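Student: I'm new to this structure, and I'd like a close look at a single part of it. Could you walk me through one strand and what lies around it?

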Amino acid sequence: MSAYRYGRPALRGSVDVQLQTAFSDGNWNTVIRLAAKRAAATKDPYYEAVKICAESQLDGTAEKCAVLAAVDELVKNKKTPDIDIIELYEWACRDLFNYDVEYADTLGPLRARWAKANPSSPLALQCLQACLEKWDLVSAQQIATTLDKTHANTADRRYMFWNITLTFLLSVSPQCTDASRKVYSLLAVRQLERAADLTESSAKLEPTDRGLLTEEEICLYYRVLRSHGTKEEFISRLQSPKLGAISQLKEGRKLLFCEGLDALESWGEWDLIYKLCREALVLGLEGATSPFFVCDLQTWRKFATAASKTADPDGSLAEVQNILKRYIEIKDKASEMYKKNLSLALLETTFRLPATAVNPTRENERLSARVIQIGLFLDQYFERLSAFDDIKGYVAELSFEEVKALMESVVPRILDEDANKTRKIVLEALSCKLRYLLSTCPQTLTPQPSVVEGQPQDKPFQCRLCSSPASLPCECCLRKLILDAATAYERITGEKELLAAIPRLDKDPRLDLALVMGAALLKLSGLRPRTSDVTRSLWQDVDPGLFLQAVLLLDAQLKETPGDTELRLLLVKLYLLLGCASYAYQLWIPLDVKRTIQDALSPLFFDRISALAPGLFQGNRGLMEPLRSFYNQSLREKSPVRIWDAFWAGSYTSILDMTEFDGNLRRSCTLMMTLVEERRAIRCYGGKIDCEIEEHPLTENIDDDTTLVDKTDHGPFPNLESFHGPAMHEFLSRGPGLSVGFLHPRSVTPSSRFLTRRRTSVRTSPSCRNSTSISCCTSLPRTTNPPPKQTRSPCATATTRSRRSRV
Amino acid sequence: MANFRRFRPDDLHKLSKCNLDPFTETYELGFYLQYYAKWPSLFQVAEDQHGNIIGYIMGKLESSPDVYRFSEHYLPWHAHITAVTVAPEARRLGIGRLLTEQLEVAADANNAWFVDLFVRVSNHKAIAFYKSMGYSVFRVVKDYYGDHSSDPTLSSEDAYDMRKPMKRDVNREHVREDGEKYEVDPSDVW
Ligand SMILES: CC(C)(COP(=O)(O)OP(=O)(O)OC[C@H]1O[C@@H](n2cnc3c(N)ncnc32)[C@H](O)[C@@H]1OP(=O)(O)O)[C@@H](O)C(=O)NCCC(=O)NCCS
């Protein structure tokens, strides 16, 4: 590790005590005087460097700049610099790298030059680390190539893979010129292909061989192939005897299987997915892996979906069921979790079967195999907290006849008449949730003519459950549901035996019932997702009486069950909608959203908070402090946090993922929200803003064309809605998605001018692999120049460049 | 309802089901990423059908630094469970056990002597959980935690250092029957 990270570098051992002491005491004027003397006497450029380094610590701009000029000089003269001088200069420039001095134009190339001249020195490795920590990929790649050549065929395989990983990282980085991009891409793929061929063709690979050995090396190969190779190559290798997904599974390595399936799915290669899942699941049955190694829900889902898309879906799905049956035969050996996965897999396959296969004669359309399977699942799991979430997607797929059968014949019969009261009430709560779910499913309604007997109809549907004229949802059903849920709730509170049983249950049924009542009241109040006109008053569309009833009911429930985070979050959002931000904040605090989870969860409270309650910031300047400090700490360096650890450990896929994660975090919507909200609130009260957004170090990577990344986590919200309509959290939002909110024309203020002048559109960020998050594409009209930036470095030299130019 | 797979950094945006539970600590980004960087195969998650993380385990493989070699507290090559947590909605399904067993398999594959962990002495559920899998108390670390989980008037809490021997420890040299009687200071563990 370079000394500059921790403090002053140690001077060479040969330096006399007087100078050493002055240097370590920070006695800079003395250092300058003594170093000048030694330089004159010895003609050793090292002393000149010590002098320049000491000068850089003085206050005068000219002295500070001397080190930049010296570095510039070293870069230009093409000679190999002294490593001790590099260390000194790097320390002297340490504060300038965050401003206008580019490491990649200065110290990086010097380190690369030194490492190339001294490849066997252990200090060459330090040079690699230093360049990586400053995220100078060009120099780091050059050093890694040199080190690889020097250490080729040694047992330390990392040199080879550092080289390949860095070549790949460079090929996908904006630091790479367009002209070189292709070369680096090819270089990375070809080196890995050669390694893969060697592995396939060798009977046994020694650590000194340049093949692929470890799981990390193999997965790196597939990652690079997916990015730069052809689909055909990827697919053919994925099935190969040594490096294929199945052979890796046999060695207890699952990562490639998971990543391979993802790649195949993205290409729509369903036949191959079917084949791979089949082989993998059979391995478990035959004892080639531990039995339930790949028995994840994901595998079963992909297997069933792929089977339904083959040329012979009936035959393929029969095979899925056959394998599933074999697993069910051994399920006694499995943990509860896998047993449940198998039950869900059974549901999944039943739902993927073609209608003719499920019910060939179309007899008994109501009590179909699908309904029976849901019933069987509920028989086992209705008391589990997750039961509703497990089945709700399937229930929403049922036809109306099936729905009726489920609700009238199956659910009520899960328990006998004489079953225990507590179990009955749990089932009743589940039944209420299902009824609510069905109110969001269009199959419960039939369209009505808009004019009947000459009379225009105000409701477009008729509800098939209660026969009333309806819109979606059917108000009549919702009202009845509220009454039934309230009755059940009262029954619980009125019976000591039931109240006493609650702590032993997976979930308090009162909570479920309160959520159903609350959600139904909100729907009846007219609350709908607000995606466009945020200036329109909520009360123009929403009945305040019903809305407040919902809030009071849920609030009363929170007093009973204060530990329930779903309910708490729901209430936070409702109070924000009501405009009661300080009360919402009181409810928010106990959630203890801190450190790493802030990026995903803070927008749930803070999005647009300054417009609603700038007063919250008054006397509470630290409101955004935890967020700010999270970003300051996580984005302090230009490199991804802990990246050298991943290099050192040979965790190549971690390196790629950490790089991508870091890139997204630097473009985070929550980061922008943090800066914008705080500034808007300050401006509201006429306060002074210390640093405008565009000048803020945290916006360095946010450019006019940056696609901001929204990673808000809506997972902790209760969601009783079906997939036919928006999720619950969308009903609770105070306007359109997070990123668009920043850019609303109303919010034009000097502090956010560069944000607010942009055209906005919403699109999915293409940079987020496997991500479906909505991001906001912000782009400045080409004719508008960004505001001029102040130069914050003490001086500008040939080695500086605008920070925007690196984005 | 669940998939078991390796952690990936994007999962940090999906931790709410686990981390909003007061028994689960949320760390700085660097802490999670350090584990992902150094021991990616010992950082495993369970995810639900919507991509929410409903359980995870974070572990490492190491021995005490060499300077401790002659100390009585020196720890030979072993695996350590830094964190294991399961979302309340997914508890008692065996997820915690499966995650821990995966780490034990890795510990055996890497020839570790034992797997160890620290747990608050008041965390009875977790202690029962570990005991059910063959872990036992090796020693008590006095005032290991700087706060108390259930009593706000107390400014510290003891930890149990619990262990389970791995295959390498054929003679059960690294576990003891009466570990509750051995008390050490936080400075003795690292
Ligand atoms: C401790 C914890 C990880 C257990 O996870 P889990 O997935 O629910 O545990 P499992 O289902 O795998 O349980 C395995 C065995 O442990 C024991 N066990 C688990 N939870 C228990 C509890 N609450 N009470 C008593 N024994 C328990 C049981 O013997 C259980 O087997 P069984 O269900 O067949 O009886 C989970 O409760 C948790 O996340 N707690 C909060 C975080 C925490 O305390 N972590 C540990 C910090 S060191």
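Tutor: Here is a walk along one strand of chain B, then on to its neighbours and the ligand.

Some ground rules first. This is a predicted model, so to speak of local features we need pLDDT of at least 70, side-chain atom pairs count only at pLDDT 80 or more, and totals for chains, interfaces and linings use all residues. Residues are numbered from 1 along each chain as its sequence is written, chains are lettered from A and ligands numbered from 1 in the order in which they are written, and side-chain values use heavy atoms, with hydrogens and water left out.

Our strand is β3 of chain B, residues 53–62. Helices (H or I, at least four residues) and strands (E, at least two) are DSSP runs, numbered from the N terminus. Ten of the ten residues of β3(B) are buried, so the strand is largely enclosed by the rest of the structure. Buried here means under 20% relative accessible area, with exposed over 50% and partly exposed in between (1.4 Å probe, protein chains only).

Now for the partners; two strands pair if DSSP finds at least two bridges between them. Strand β2(B), residues 43–47, pairs with β3(B) in the antiparallel sense over five bridges. One spot to find is B:E47, whose bridge partner in β3(B) is B:I53. The hairpin of these two strands has five residues between them, and there B:G51 takes a positive phi near 90 degrees. Strand β4(B), residues 78–86, also runs antiparallel to β3(B), joined to it by eight bridges. Look for B:K60, whose bridge partner in β4(B) is B:H80.

From β4(B) we can step over to the ligand. B:V86 has a polar backbone atom 2.7 Å from an oxygen atom of the ligand; a polar contact is a pair of N or O atoms within 3.5 Å. Backbone N or O atoms of B:G94 and B:R97 each lie 2.8 Å from a ligand oxygen atom. On its own the ligand has 910 Å² of accessible area, and the protein covers 77% of that (Shrake-Rupley method, 1.4 Å probe). The elements giving two or more residues to the shell around the ligand are β4, α3 (95–109), β5 (114–120) and α4 (124–132) of chain B. Of these, α4(B) gives the most, with six residues. In total 20 residues surround the ligand, where near means a heavy atom within 4 Å.

Definitions and conventions:
A polar contact is a pair of N or O atoms within 3.5 Å; within protein, one must be able to donate a hydrogen and the other to accept it, and residues adjacent in sequence count only if both atoms are side-chain atoms.
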